[in-house]
Amino acid sequence: MTVISAKISFLLLLIVAADLSGYTQPKPFYKEDFSGGKIPEGWSISKVGNWDPQWIVTNQPYPGSYKYQQQAPPIASSSRGYHLQFQAGYFSDEDVDAWLKKKEYPDGLIISAPINCSGKSSVILKFQETFRWWDYHPADTSGLFVGISTDSIHWQQWDMRREIKENSDMLMPLKEELNISRWAANQPKVYIRFYWKGIQAWYWMVDDIELVEAANKDIGIVRLLSHSETGNQFKQKDTLKLLIRNNGSKTITDNITVTAKMDGNDLAKQMVDAAIHPLKSEEEREVIFAGVDLAVLPVHKLSFKLELPGDETTGNNSLNETISTATAVLGNLSKWEKIDNGILLESGVTRLKILFYQDGIFRIWLSPDGQFTNPAANDIVINDKSEKVNLQISSDMKNIYLSTPACLVKIQKTPLLFSLYNKNGKQLWSEKSPLSFGSRSVQQLVYHPDEYFYGGGMQNGYFSHKDSMILIEKGGGWNNGGRPNPVPFYMSSYGYGALRNTFDAGVYDFSKYMMFSHNENRFDCYYFVGSSLKSVLEQYTKVTGRPFMPARWQLSMGDANCYNKKGTTPDVIKLIADEYIKHDMPRGWILPNDGYGCGYTKLDSTVTELHKRGFYTGLWTENGVEKIATEVGVYGTRLCKLDVAWVGPGYKYALDGCKAAYEGIENNCDGRGFVWSVMGWAGTHRYSVVWTGDQYSSWEYIRFHIPTVIGSGLSAQNCATGDIDAIFGGSAKTYTRDLQWKCFTPVLMTMSGWAKKDKQPWIWGEPYTSINRKYLQLKMRFTPYMYTLMHEANLTGLPAVRGLLLEFPKDSVTWGKLTQYEYLLGTSLLVAPVYKDEEKRDSIYLPDGKWVDYWDGKVYSGKQWLNGYGAPLDKLPLFVKAGSVIPMYPQMNFDGERPLDTLFLDIYPGEGPVRYRLYEDDGISREYKKGVSATTVIDLKGMETIQINGIQGNYKGMLLQRNYTLYVHLGKKPVSVWVNGVKNSHWEYTTAKQGLLTVQCGRWSVNKNVEVQLK
């Protein structure tokens, strides 16, 4: 392929940025705006080097990648929507140095169908573009090339980067014009090519391609040469330099008037003397505005206009552009006024809104140029309706005060500084310096030595962030320190939370510097003030949505592999499903196509046969959910696992993917959505399980997952996990230890096909098979306890897996990392996984209260550490808080195998009265959203009386009668047992577990109270 490079003198290019309207240029004779949503017919994408480039037509943003962990919004072209996009940075990502080592680049070119320019004496190529490029070891022949050819072999091309520096933000599209007349005029076939070449990252977006005939007399603005949109260094005596050009076919001999305004004020008018110095066709000329004071403000709105007598094309005569400094600092208050539910502040051209949505929920929203934008739309925040707020606003000479019954926001006027107080007058935070913005928006707070922080989403290996820094961006691998599901939200032990409403990457520094930044030139933060971390989570999920409510079967064991490569999809029935039955193993669902390029065959019959064996069927999705209506509505699948090859771009892209999969399931059946994904963000918890990625099994793998799951819950990621024993490597012991504790989390899955041995719970033989069965059976029996916790999460945002600090916030031992290897499941169960190759567990902290060893009934006093706790391979350290009721169902291997005709209550009396509320519904449909459910209240009245209150509510399939069996942990045998005033003879007492009373209460109407008295 022959290429003729154009020198700058032949660069017949017009760049006009932003707000150009009113074109009078002749109507285009060719136009492509990609509104069809796919590569246009006749366009071709050629293979470059050793890989196939992936030019795409999309309406989505560039997803972000290595060294640019933020989204670039879709090009704001005239047609908007679908456009042509090349994602070089996503292809190279963190492997950029590996690409360079191989001397390879993520090159890609796309060539248009031939265009007929016959009878056109002059031809102008017009298009709109945005791009961002990285000057990291580029090739010698690198560029973002637009080419013209009449045979698709020999090309005339231009590098569109021109004077655009690397890493430049491009918020508004460049509107380009190339005079291609000498190559295209009167040609029957003309090809256009876009060629990303020799550059490792990041993206190129192109839209609204047109071919038009040139005007005779046409002056236009090329671009502002002196400043870019962001990242500038302003001076008191600065110079604005504007580039104009004659892109008409005739020489201009009339003088050209150039006017300019800055922030609405006129600048000195300039004159281009074309009468004495004519402006030839295609000639460019610079226009200088000197001595301009840009340092006075951090952001300026500029407007330029050209006037030329007889100009045939006036639409390119104006330019409106906003420029900002690399780092601007919020200055003094210049003006303020009350608005609905808040106030509006002004500091120069910068404006801020402080808006209250509830007494304890408010927002600080800063716009550098005064134009409030919300790029996240309502993807993250889905409920921003203001409730009735009791807001009082007052001011004095120094401050403005916004107070509600929950909090007080104080705003210092000079300079503008914010601080927050709770209803008792305690300062929760105060700004150390004013907000800054530019390439990053930063809030710096005052450091408190006794303050602890949580959140940030799934931060592998961590849940308590005091004196550390976390990254709110995808990446870092899948192991300890990785960020598979970050969230721009944190909570403070002082009693507040903060959510940055953005998809741009951030850094949260909880050290003495206390700086919170995101890579965007705006600041938009929701604050939540509560009496506890629980109430903060409730408020956070009120704004971002509650965690999804899983069906009962979704809490059971999942199994994944690919069966359509070496065999066919139905092979999963005899190879796996029948083996679960043979080994008497509890089970819930199967992904039979989990593998790249796996696909499936005979899916409908496979789904039917698996369901007969106690399995629901799901699908691993490599590329998207285009077939979900058929897969769910016709074939009967019920879950989706979204692979990183699809949702790996993360941020909005991944959130949209989760939403599409979740709603795709619910829109095509009467069941509940069930999605597994990585690369989540704030809001993913509404739709999906978040899991930690692909790892190698080891004791370290178990170790770092414990604080990972705890920390995920502290960002409302209620269903969070990793694969049992990882997907690579593995051993009998690590498999069993990992499965044990994950049976005491909401969801769990095992994935085969990547290690030498598969990952089913019987693979390692005895004694491991029996131990694994024991814990999976226990998980099934504990279903009503777990399901009630799912309901609580769906109502309040409170996770099932809880760091001890949620239930014991006044115990300083729970605040930091001392208790990072244990957690509470709800309020009643304390789980301390074994994460070392040993048969004991050290450093188990028991908080306040009495704690009963689940296995032997030994009672421990709280506020003590246990070391050397005996934990042979079949024993997971598990403790029950005295004063607890654990409901259980009959033993079964899959949900629905047996009727729920007996409710077992495992009762651990405490010193005072206890009330437990058991939640139930049909376990599968979405009727619960309409309130179709039932609650059973169990009251413990000291050590002597247990009352099962009549059920409240109803649902389809609810049994009208039920047997009740009680297991009461008592240190003393009772003399007699009475049920509803009648002496009961169906009870026994053993000394097992330090004293266990079993009472068969018999069969009762579920609407009737059942009182058991121990005498």
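1. Let's start with two cysteines and how hidden they are. In this predicted model, cysteine 562 and cysteine 598 are both buried. They are also partners: their sulfur atoms sit 2.1 Å apart and form a disulfide. Searching the whole structure turns up one disulfide. The link between cysteine 562 and cysteine 598 is right-handed, with 95° about the S-S bond. It ties together distant parts of the chain, 36 residues apart. Look for cysteine 562 in the loop between β40 (557-560) and α5 (571-582), and for cysteine 598 in the loop between β41 (589-591) and α6 (603-612).

2. What about cysteines outside that pair? Cysteine 640 is a good one to reason through. Its sulfur lies 10 Å from the closest cysteine sulfur, which belongs to cysteine 658, and that is too far for a bond, because a disulfide needs two cysteine sulfur atoms within 2.5 Å. Cysteine 640 has a relative accessibility of 4%, so it counts as buried. Cysteine 407 has a relative accessibility of 2%, and so cysteine 407 counts as buried as well.

3. Now turn to a pair of helices. How do α10 and α11 lie relative to each other? The axes of α10 (residues 699-713) and α11 (residues 732-742) come within 10 Å and cross at roughly 15°. The two helices are therefore roughly parallel to each other, since angles under 35 degrees count that way. The crossing of α10 past α11 is right-handed. On the α10 side, the contact is made by Trp699, Tyr701, Ile702, His705, Ile706 and Val709. On the α11 side, it is made by Lys733, Thr734, Arg737, Asp738, Trp741 and Lys742. Sorted by class, the contact has six nonpolar, two polar and four charged residues.

4. Lysine 197 is worth a visit next. You will find lysine 197 in strand β12 (residues 191-197). Is lysine 197 buried, exposed or partly exposed? With a relative accessible area of 23%, lysine 197 is partly exposed, because the partly exposed class lies between 20% and 50%. Leaving out residues up to four places away in sequence, lysine 197 touches Asp107, Thr141, Ser142, Gly143 and Phe145. The C-alpha atoms of lysine 197 and glycine 108 are separated by 6.7 Å, although these residues are 89 apart along the chain.

5. Two details of the backbone come next, and a little background helps. Most peptide bonds are trans, and most residues other than glycine have a negative phi. Keep that in mind while you look at two prolines. A cis peptide bond joins threonine 414 and proline 415, with omega about -15°. Proline 415 is in the loop between β29 (407-412) and β30 (417-422). A cis peptide bond also joins glutamate 766 and proline 767, with omega about 5°. Proline 767 belongs to the loop between β47 (748-751) and α12 (768-781).

6. Finally, meet two lysines with a positive phi. Lysine 67 has a phi of about 70°, although it is not a glycine. Lysine 67 is in the loop between β5 (56-58) and β6 (83-86). With a relative accessible area of 56%, lysine 67 is exposed. Where does lysine 602 lie? Lysine 602 is in the loop between β41 and α6. Its phi is near 50°, again a positive value in a residue other than glycine. Lysine 602 is exposed, with a relative accessible area of 60%.

Key. Residues are numbered from 1 along each chain as its sequence is written. This is a predicted model: local features need pLDDT of at least 70, side-chain atom pairs count only at pLDDT 80 or more; totals for chains, interfaces and linings use all residues. Side-chain values use heavy atoms; hydrogens and water are left out. Axes are lines fitted to C-alpha atoms, for helices over the stretch in contact, and angles run from 0 to 180 degrees between N-to-C directions. Helices (H or I, at least four residues) and strands (E, at least two) are DSSP runs, numbered from the N terminus. Angles under 35 degrees count as roughly parallel, over 145 as roughly antiparallel, 65 to 115 as roughly perpendicular and the rest as oblique. A crossing is left-handed if the near helix is turned anticlockwise from the far one by less than a right angle, and right-handed if clockwise. Contact means heavy atoms within 4.5 Å. Ala, Val, Leu, Ile, Met, Phe, Trp, Tyr, Cys and Pro count as nonpolar, Asp, Glu, Lys and Arg as charged, and the others, Gly among them, as polar. Buried means under 20% relative accessible area, exposed over 50%, partly exposed in between (1.4 Å probe, protein chains only).
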